[in-house]
Amino acid sequence: MARKRLIPKKRFTKQEIEEMKAKIETLSYEEMKKLWMFAPFGHPYFRRDLPLAELFKTRLIHLRDTQGGKNA
């Protein structure tokens with residue numbers, strides 16, 4: 001199995017975090033599924049030290065329950 005690329009751990013400003021939160025809110029269910037499966041290890045949306053992971057998870061589950069329906 002191929003190894004995923006590593007993203008170096010970076011500190012983000014409050015403005016960058018807010019921009020990423022806004023981006024998460026615009027993603028479709030399909031885009032979120034692709035990110036979940038294929039994002040490189042250490043992607044900011046999945047880092048537990050940032051407030052983005054919980055937002056991503058909550059939105060993904062909401063979209064799955066409202067849009068994903070048949071294959072959820």
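Begin with the whole chain in a secondary-structure representation: three helices are present and zero strands. The model is a predicted one. Followed along the sequence, the arrangement reads α-α-α.

**The chain as a whole**

Colour the 72 residues by relative accessibility; 29% of them are buried. In a surface representation, the chain exposes about 5900 Å², and carbon and sulfur atoms supply 57% of that area. A contact map completes the overview: among contacts with a separation of 6 or more, 67% join residues 24 or more positions apart.

**Helix α2 and the nonpolar patch**

Select residues 29-38 next, which form helix α2 and include tryptophan 36. Is tryptophan 36 buried or exposed? Its relative accessible area is 53%, so tryptophan 36 counts as exposed, the threshold being over 50%. Now add Met37 and Phe38 to the selection: together with Trp36 they make a nonpolar surface patch of about 410 Å².

**The largest pocket**

Keep Trp36 displayed, since this residue also belongs to the lining of the largest pocket. Rolling a probe the size of a water molecule over the atoms shows where empty space is left. In the largest pocket, that space comes to about 180 Å³. To show the lining, select Trp36, Ala39, Pro40, Gly42, His43, Phe46, Arg47, Arg48, Ala53, Phe56 and Lys57. Which helix gives the most to this lining? The answer is α3, with three residues; α3 spans residues 52-68.

**Arginine 47**

From the pocket lining, centre the view on Arg47. Arginine 47 sits in the loop between α2 and α3. Its relative accessibility is 11%, and arginine 47 is therefore classed as buried, the limit for that class being under 20%. Which residues does arginine 47 touch, leaving aside those up to four places away in sequence? Display Lys9, Lys10, Phe12, Gly42 and Ala53 to see them. Two of these contact partners, Gly42 and Ala53, also line the largest pocket.

**Salt bridges**

Side chains of opposite charge can pair when their charged atoms come close. How many salt bridges does the structure hold? There are five, and three of them are suggested here as stops, including one at the residue already in view.

- Add aspartate 49 to arginine 47: the two form a salt bridge, with 2.8 Å between the closest N and O atoms. Arginine 47 is buried, at 11% relative accessible area, whereas aspartate 49 is partly exposed, at 46%.
- Move to lysine 10, one of the residues that arginine 47 touches. The side chain of lysine 10 meets that of glutamate 16 in a salt bridge of 3.1 Å, N to O. Lysine 10 has a relative accessible area of 38% and is partly exposed; glutamate 16, at 27%, is partly exposed as well.
- Finish at arginine 64 and aspartate 65, whose salt bridge has its closest N and O atoms 3.0 Å apart. Arginine 64 is partly exposed, with a relative accessible area of 32%, while aspartate 65 is exposed, with 51%.

**A view to save**

For a final scene, show Trp36 and Arg47 together with the rest of the pocket lining. Trp36 links this scene to the nonpolar patch, and Arg47 links it to the salt bridge with aspartate 49.

Methods. Residues are numbered from 1 along each chain as its sequence is written. This is a predicted model: local features need pLDDT of at least 70, side-chain atom pairs count only at pLDDT 80 or more; totals for chains, interfaces and linings use all residues. Side-chain values use heavy atoms; hydrogens and water are left out. Patches are made of residues with over 30% relative accessible area and no salt bridge: like charges are joined within 9 Å, nonpolar side chains (Val, Leu, Ile, Met, Phe, Trp, Tyr) within 5 Å. Accessible areas come from the Shrake-Rupley method with a 1.4 Å probe; for residues, only the protein chains shown count as cover. A salt bridge is a side-chain nitrogen of Lys or Arg within 4 Å of a carboxyl oxygen of Asp or Glu. Helices (H or I, at least four residues) and strands (E, at least two) are DSSP runs, numbered from the N terminus. Buried means under 20% relative accessible area, exposed over 50%, partly exposed in between (1.4 Å probe, protein chains only). Contact means heavy atoms within 4.5 Å. On a 1 Å grid over the protein atoms alone, a cavity is a set of points where a 1.4 Å probe fits but cannot get out, and a pocket is an open set with protein on both sides within 12 Å along at least five of seven lines; lining residues have an atom within 4 Å of a point. Grid points are joined across faces, edges and corners, and a volume is the space filled by probe spheres set on the points.
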